[in-house]
Amino acid sequence: MPGHNTDIEGFHWLMDMVQTLDVGLMVLDRDYRIMLWNGFMENHSGQSAADVIGNNLFEQFPDISKNWFQNKAESVFLLESRAFTTYEQRPYLLRFKNYRPITGTAEFMYQNMTLIPLLSPDGKINHIGVILYDVTDIAIGKYALEAANTSLAKLSRTDRLTELYNRGYWEECLQVEFARYQRTKQTSTLIMFDIDHFKKVNDTYGHQAGDEVIRLTSRTLRSSIRTTDIAGRYGGEEFGVILIDTNAEQSHYLAERLRKKIAALKIGFQQHEIQFTISLGVAEVSPAMSDHAQWLSASDQALYQAKHGGRNQSVVFAG
Amino acid sequence: MPTPVLICDDSSFAQKQMARALPDDWDVTLSFAANGAEGLDALRAGKGDILFLDLNMPVLDGYQVLETIRREDLNTMVIVVSGDIQPEARTRVLALGALDFIKKPIDADKIGEILDKYGIRGAPGQTQPDIDFKVDALDRIQEIANVAMGRAGDLLARLLGAFVKLPGPKVRMIEGRDLHMRLSAIEASTAVSAVCQGFIGAGIAGEAMLTFSESSFADIATLMRHEGEIDDNAELELLMDISNILIGACLKGVADQLDISFSQGHPIILGRHVNISELLDYDTSRWNRTLAIEIEYRIENRNIDCDLMLLFSEDSLDALHERTSFLDF
């Protein structure tokens, strides 16, 4: 220890600081007997140094994941190099309960751990030092951020009114699905549909009625498709559904079922009873298409034919 | 008559260290070669009755030189001098006909011992003239990195029980804004996981970054005799175990040679299963130009891709150059 104080005095200061440090310190010998146990370890574990010194770590604390810890520790003994573990690997070595009733954010203390080889006077590594850091606040902060990001991501791809995917995200899905088809040649079909004479609903009964029609359409759509199918709101009253691993014929069947369901709906709005229909265009992906836009345009053409043919019907794209 | 001695090493700093480590009273004519092909030319011209041969070199490496010497039956005695200290490297070169193997950094006493052991050093002649050739500052660091890489490689080899291929570290100055580009050159498009760890000591500081390509996990798990499924958590454990060893040994290798010791911060998991371009959201514009050491670790016959980069902080360059200049003994 540098400085002009005596070594003994310096040693006492150092010991005091080791005892007071808000970091866990312990020393283990080759047989995993506890040789040092500082104040932090005493206070958080509730076991005093006198109770644990000389005892085997795994017998004293049977909850420690023995294999895991031994694996790390052995490499420190053998390779004489430090080892670090993070709370992301295992939340803790020793389960210390949350001790802060006001600002404590977790049930237990998240810990980072450092293992260091300790050189003995004989030049060998007969002991290792274990340092435990309380990283609860960091861990909780990170998990909260991840959760916030996940819910933000969900919000940013969802259409508020219908709770379907919004146009941007849905079109990305279409792109991904087209790329998958090019790779695997597993077929898929795209259905585009829109609500017939929607403008008339808005003009006659008002926008709130229009919103209700859109909401009910999307609810009916959601209940009619499989979980693997991808449904989105493409425009005001236009919707798209990607049916994975499904050909045109199967999709046409689904389109017809959806059309009939919607035609049978009656919406009570104020004193009015509103009925409405949809027109659908169905297009199976094909090797002739070079990008997802062509696929989209094929369904649009079929939808146009359905409108042109008198509405309230579904048409399969003929190529 | 002086003995023709050839030193074949791609680092001029290592050439110089080697030349300086030869016994003062040994009567020799020294020649130098910077790669295996140059070395073979010099041997064919009779410039190397004794050859001190490095292993990791461009154009032709040390192993290829040994094979050619054997095939062409060139008359020379080869002593391999390498930072690759895996026992397997030694076994391989001895099997290829090398007389002995010396670990870098070079130890003059060890050289004398070996020369005496094989009776190579004849009667004392005149003292050789002082050699003085310019050594580039980066070249010194290159050689330090080479030795550190070898030590870390040896630990990795022992951990995995496999032979680690060490193509040699790349040492260069990079611009802050180029860091992304440098990284994307490591791994073009495959997903990677990465760990970073800061280090500091004696005015020299920086951060080590280990990137691990996704496809490596299966083979690493096999080599480490991991039992059970390789799930997310198992991958994280493997990543941390490898980074502890490679970063730790490499930093220790550098520190030992500079006669300093580093404090290491806690490692940070930078990203998992991400494209390398997404890895660094950090603002690196706080520095302009600094030193980077890049090391590739490959395992023979295995699909394991692991890159280590040491990036020094800009303000530690002076201390680093000062420390390394002490090595010009």
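Here is a short back-and-forth about this predicted model.

Me: Before we start, what are the ground rules for numbering and confidence?
Reply: Residues are numbered from 1 along each chain as its sequence is written, while chains are lettered from A and ligands numbered from 1 in the order written. This is a predicted model, where totals for chains, interfaces and linings use all residues, side-chain atom pairs count only at pLDDT 80 or more, and local features need pLDDT of at least 70.

Me: How spread out is chain A, going by its radius of gyration?
Reply: Chain A has eleven helices and twelve strands (DSSP runs numbered from the N terminus, H or I of at least four residues for helices, E of at least two for strands). The globule rule (2.2 Å times the number of residues to the power 0.38, with the radius taken over C-alpha atoms) gives 20 Å for 319 residues. The C-alpha trace spans about 100 × 50 × 40 Å along its principal axes. Chain A is well over the rule's value, so it is more spread out than a compact globule, with a radius of gyration of 33 Å.

Me: Which helix supplies the largest share of the largest nonpolar core?
Reply: A nonpolar core is a set of buried Ala, Val, Leu, Ile, Met, Phe, Trp, Tyr and Cys residues joined through C-beta atoms within 7 Å. Buried means 20 or more other C-beta atoms within 10 Å of the residue's own, exposed means 12 or fewer, and partly exposed is in between, with C-beta atoms placed from the backbone. The largest one here has 54 residues, and the chain B elements that each supply at least two of them include helix H6 (137-160) and helix H9 (232-258). Twelve residues, the largest share, come from H9(B).

Me: What does B:Leu308 touch?
Reply: B:Leu308 is among the residues with the most contacts inside that core. Contact is defined as C-beta atoms, placed from the backbone, within 7 Å. Not counting residues up to four places away in sequence, B:Leu308 touches B:Ala208, B:Leu210, B:Leu246, B:Ile247, B:Cys250, B:Ile295 and B:Tyr297.

Me: Which strands are at the edges of the five-stranded open sheet in chain B?
Reply: The order is S2-S1-S3-S4-S5, with parallel pairing (two strands pair if DSSP finds at least two bridges between them). Inside the sheet, S1 (residues 3-8) and S3 (residues 50-53) of chain B share four bridges, and B:Cys8 has B:Leu53 as its bridge partner. The strands that pair on one side only are S2 (28-33) and S5 (100-103) of chain B.

Me: Is B:Asp100 buried or partly exposed?
Reply: B:Asp100 sits in strand S5 of chain B. Leaving aside neighbours within four places in sequence, B:Asp100 is in contact with B:Ile79 and B:Ile114. There are 18 C-beta neighbours inside 10 Å, so B:Asp100 counts as partly exposed.

Me: And B:Val192, buried or exposed?
Reply: B:Val192 is in strand S8 of chain B, and its C-alpha atom is 6.4 Å from that of B:Arg272, 80 residues apart along the chain. With 26 other C-beta atoms within 10 Å, B:Val192 is buried.

Me: Which strand gives the most to the side of chain A that touches chain B?
Reply: Eleven residues of chain A are in contact with 13 residues of chain B. Strand S3 (83-85) and strand S4 (111-119) of chain A each supply at least two residues of that side. With three residues, the biggest giver is S3(A).

Terms used:
Two residues are in contact if their C-beta atoms, placed from the backbone, lie within 7 Å.
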